[in-house]
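Okay, thanks for making time, everyone. I'd like to walk you through a model I've been looking at, so let me put it on the screen.

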Amino acid sequence: MQIAAQKVTLRLAETFTISRGSEDEADVVQVEIRHGEVAGYGEAAPIERYDESADSALAWLEQVSLGDDPFALDEIADALPPGEQAARCAVDAALYDLQGKLTGQPVYKLLGLRRQGPPTSWTIWLGDPDDMARRAEKVRGRFKRLKLKLGAGDGLDVDRVRAVRGVSDVPLQVDVNEAWSLAEAIEAIPQLAELGVQYCEQPLPAGDPGGPELKARSPLPIYVDEDCHTLEDVADCAERAHGLTVKLAKSGGIREAVRMAHAGRALGLGLMLGCMNESGLAVAAGAACASLFDHVDLDGNLLLVEDPWPGVEFVDGVQLPADAPGLGVREAVSHTR
């Protein structure tokens, strides 16, 4: 098998803001794995929070040797260099895409999963309360869930949720991106529960010693994202959270995400599948395994000015994987390599 990779810049339709900062574009790395005349594709969305970048992903990919068998996933995984989870995810997705094309089956069928997962949430990025409410009102009727970014440090986070609740009757979820202290979380979360929020994601910094106490005292389910990367983190996360946020770019791909989902279920944890600011190529990989999860946040491609890899179907609030071989997405003509 031959592997090639290139860096691509995706333009966001609006500035995307969370507690750690803002961005107008996202650099990703798109990978091609070729076996004879057939090629599979995957995307890496490196996460700066974990000291990964498009350049570090490309450097890692230069070290990768895949062998001759696209179905030998265990052997391939064992031979990969350490680190660079997003790049590892791109290789994983490209191999599944290749397998699907070689067998004529969509990836969700190769995994033995249902095609349809839960409705995706739509992210309301961090702004002042009135602005967030306006943006929630603009998408009324299009999405069945809204995920609100909180953590501005100005004492207005509950007001943000209250403002959005005033214009929307769909289920709300909140993501604090590590921005609260234990005291702030204990004060805010009961008020969020009164507003009908479904769960609170990563309210405390990763590894915060107050995690177990917050889990015990919280009237809302606590989900962890920055605390939870791969399978080996799941058991520890069960001590500080009611649920896990799994992202393919963080876990290293579909195979690891499936393992994490089953481990989480065994421990009685809720499961959420998230994404980064990424194209339909990456979202398609998430959509292929979305039916394993209770909650889904796969709106990355919908946040772009233009999705260079169309094919994921947005139907009645759900991001459906294409019912076509592999991941079922194709590079748009205007973005051809």
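**Sheets, a helix pair and some holes**

Let's start with one pair of strands: S4 and S5 run parallel to each other and are joined by four bridges. If you want a residue pair to click on, take Thr-123, whose bridge partner in S5 is Lys-147. Before I go further, please keep in mind that this is a predicted model.

Now zoom out from that pair. S4 and S5 belong to an open sheet of eight strands with parallel pairing, and the order reads S4-S5-S6-S7-S8-S9-S10-S11. Which strands stand at the edges? Those are S4, residues 121-124, and S11, residues 295-296. Each has a single partner strand, so one side of each has no neighbour in the sheet.

As a general reminder, the strands of a sheet pair through backbone hydrogen bonds, and that can be parallel or antiparallel. We have the antiparallel kind here too. Three strands, in the order S1-S2-S3, make up an open sheet with antiparallel pairing. S1 and S3, the latter covering 38-44, are the edge strands; each pairs with a single strand, so one side of each is left without a neighbour in the sheet. From one strand to the next, the twist averages 20°.

And what packs on this sheet? It's helix H3, residues 85-103, which touches S1, S2 and S3. The direction of H3 makes about 150° with that of S3.

Let me go through the pairings in this sheet. S1 and S2 are antiparallel and joined by 13 bridges. One spot to look at is Lys-7, which has Val-29 in S2 as its bridge partner. The connection from S1 to S2 is a hairpin, through two residues. On to the other pairing: S2 and S3 are also antiparallel, with seven bridges joining them. There, Glu-32 has Tyr-41 of S3 opposite it.

Okay, helices. In general, you describe two packed helices by the angle between their axes and by the distance between those axes. The pair I picked is H5, residues 129-138, and H6, residues 157-165. They pack at about 30°, and their axes are 8 Å apart. The crossing of H5 past H6 is right-handed. So who's touching whom? H5 brings Pro-129, Met-132, Ala-133 and Ala-136, while H6 brings Asp-159, Arg-160, Ala-163 and Val-164. By class, that contact has six nonpolar residues, two charged and no polar ones.

Next, the holes, and I'll begin with the open kind. The largest pocket comes out at about 810 Å³. It has 34 lining residues, and the closest to the pocket centre are Ile-18, Glu-23, Glu-48, Met-276 and Asn-277. Which elements give two or more residues to that lining? They are S1 (2-18), S2 (21-35), helix H1 (54-61) and S5 (145-149). So we're back at strands from earlier. The largest share comes from S2, with five residues. Now look at the classes: the pocket lining has 17 charged residues, 11 nonpolar and six polar.

Then there are the closed ones. How many cavities of 30 Å³ or more does the structure hold? Two.

The largest cavity has about 90 Å³ of space. Of its 13 lining residues, Leu-248, Ala-249, Gly-274, Glu-278 and Ala-282 lie nearest the centre. Helix H10 (248-251) and helix H12 (280-289) supply at least two lining residues each, and H12 has the largest share, with three. By class, the lining of the largest cavity divides into eight nonpolar, three charged and two polar residues.

The second largest cavity has a volume of about 60 Å³. Among the residues lining it are Gln-202, Pro-203, Leu-204, Pro-205, Asp-227 and Arg-240. At least two lining residues each come from helix H8 (211-217) and strand S8 (222-224). Here the classes are six nonpolar, two polar and two charged.

That's my tour. If you take one picture away, make it the two open sheets: three strands with antiparallel pairing, and eight strands with parallel pairing. Happy to rotate the view for anyone who wants another look.

Definitions and conventions
Residues numbered from 1 in each chain as written. Predicted model: local features only at pLDDT ≥ 70, side-chain atom pairs only at ≥ 80, totals over all residues. Heavy atoms only, no water. 1 Å grid on protein atoms, 1.4 Å probe; cavity = no way out; pocket = protein on both sides within 12 Å on 5 of 7 lines; lining within 4 Å. Points joined across faces, edges and corners; volume = space filled by probe spheres on them. Nonpolar A, V, L, I, M, F, W, Y, C, P; charged D, E, K, R; others polar. Axes fitted to C-alpha atoms, helices over the stretch in contact; angles between N-to-C directions. Left-handed = near helix turned anticlockwise from the far one by under 90°. Contact = heavy atoms within 4.5 Å. Pairing = 2+ DSSP bridges.
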